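Work through the following exercises with the sequence and the 3D view beside you. Try each task before you read the solution that follows it.

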Amino acid sequence: SVDCACSTRARARQDLGAARFSPSNTFAHLDVVLVPKTRGGFAYGFVLEVDGKHHYRASANRDGSAVHRYASYALGKLSLSKKDHATILAPLHSQGIELSLTEELPSSADS
């Protein structure tokens, strides 16, 4: 519905305004974050891997198919309720997608 789309856009603007972008950000597996889009702007995404050196593999695709490596300051840290977190990740779980660690990340020295 139109009301739903408006409230979703309003929520996204609110989250972008409240997101923290900082080199000191730390994330855990499946944290919901704001991921930068190639053509500008941000999308909700989730962290798939943590390398322990402030680099993360994250995806903004609901199926986790497009995964990119980001430094901690490029991902927006969100303060979400458990319900909001579950709502954003719901499409993944409803498809029965198992999210797990994959290949090892290169160290920051390799960048």
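**Exercise 1. A charged pair**

Task: In this predicted model, decide whether Arg 57 and Glu 49 are buried or exposed, and then find how far apart their closest N and O atoms are.

Solution: Begin with the surroundings of the two residues: Arg 57 is buried, and Glu 49 is buried as well. Next, look at the distance, for the closest N and O atoms of Arg 57 and Glu 49 are 3.5 Å apart. A salt bridge requires a side-chain nitrogen of Lys or Arg within 4 Å of a carboxyl oxygen of Asp or Glu, and Arg 57 does form a salt bridge with Glu 49. As general background, side chains of opposite charge can pair when their charged atoms come close. Finally, count such pairs by this rule, and the count comes to one salt bridge.

**Exercise 2. Building the sheet**

Task: Work out in which order the five strands form the open sheet, and which strands are at its edges.

Solution: Start from the overall pattern, which along the sequence reads α-β-β-β-β-β-α, with two helices and five strands in the secondary structure. As general background, strands of a sheet pair through backbone hydrogen bonds, either parallel or antiparallel.

Step one takes strand E1 (residues 32-36) and strand E2 (residues 42-50), which pair in the antiparallel sense over five bridges. Within this pairing, Val 35 has Ala 43 in E2 as its bridge partner, while Pro 36 has Phe 42 as its bridge partner in E2. The two strands form a hairpin with five residues between them, and in the turn Gly 40 has a positive phi of about 100°.

Step two moves from E2 to E3, since these strands run antiparallel and are joined by four bridges. Here Phe 46 stands opposite Ser 59 in E3. E2 and E3 also form a hairpin, this one with four residues between them, and Gly 52 in the turn has a positive phi of about 80°.

Step three turns to E1 and E5, which run antiparallel and are joined by two bridges, with Gly 76 in E5 serving as the bridge partner of Leu 34.

Put together, the strands form an open sheet in the order E4-E3-E2-E1-E5, with antiparallel pairing. The edge strands are E4 and E5, each of which pairs on one side only. As for E1, four of its five residues are buried, so this strand is largely enclosed by the rest of the structure.

**Exercise 3. Two loop residues**

Task: Ser 72 lies in the loop between strand E4 (67-71) and strand E5 (76-77), whereas Ala 66 lies in the loop between strand E3 (55-59) and E4; classify Ser 72 and Ala 66 as buried, partly exposed or exposed.

Solution: The cut-offs needed are that buried means under 20% relative accessible area and exposed means over 50%, with partly exposed in between. Ser 72 has a relative accessible area of 2%, and therefore Ser 72 is buried. Ala 66 has a relative accessible area of 26%, and therefore Ala 66 is partly exposed.

Now examine the surroundings, leaving aside neighbours within four places in sequence. Ser 72 is in contact with Ser 22, Pro 23, Asn 25, Phe 27, His 54 and Tyr 56, and the side chain of Ser 72 reaches the backbone oxygen of Pro 23 at 2.9 Å. For Ala 66, the contacts counted in this way are Ala 58, Ser 59, Ala 60 and Asn 61.

**Exercise 4. The surface**

Task: Find which residues make the nonpolar surface patch of about 250 Å², and classify Leu 16 by its relative accessible area.

Solution: The patch is made by Leu 16, Phe 21 and Phe 42. Of these residues, Leu 16 has its place in helix H1 (residues 2-18), and Leu 16 is partly exposed because its relative accessible area is 40%. For the whole protein, the accessible surface comes to about 7,000 Å², of which 54% belongs to carbon and sulfur atoms, and buried residues make up 30% of the 111 residues.

How values were computed:
Residues are numbered from 1 along each chain as its sequence is written. This is a predicted model: local features need pLDDT of at least 70, side-chain atom pairs count only at pLDDT 80 or more; totals for chains, interfaces and linings use all residues. Side-chain values use heavy atoms; hydrogens and water are left out. Buried means under 20% relative accessible area, exposed over 50%, partly exposed in between (1.4 Å probe, protein chains only). A polar contact is a pair of N or O atoms within 3.5 Å; within protein, one must be able to donate a hydrogen and the other to accept it, and residues adjacent in sequence count only if both atoms are side-chain atoms. Contact means heavy atoms within 4.5 Å. Two strands pair if DSSP finds at least two bridges between them. Accessible areas come from the Shrake-Rupley method with a 1.4 Å probe; for residues, only the protein chains shown count as cover. Patches are made of residues with over 30% relative accessible area and no salt bridge: like charges are joined within 9 Å, nonpolar side chains (Val, Leu, Ile, Met, Phe, Trp, Tyr) within 5 Å.
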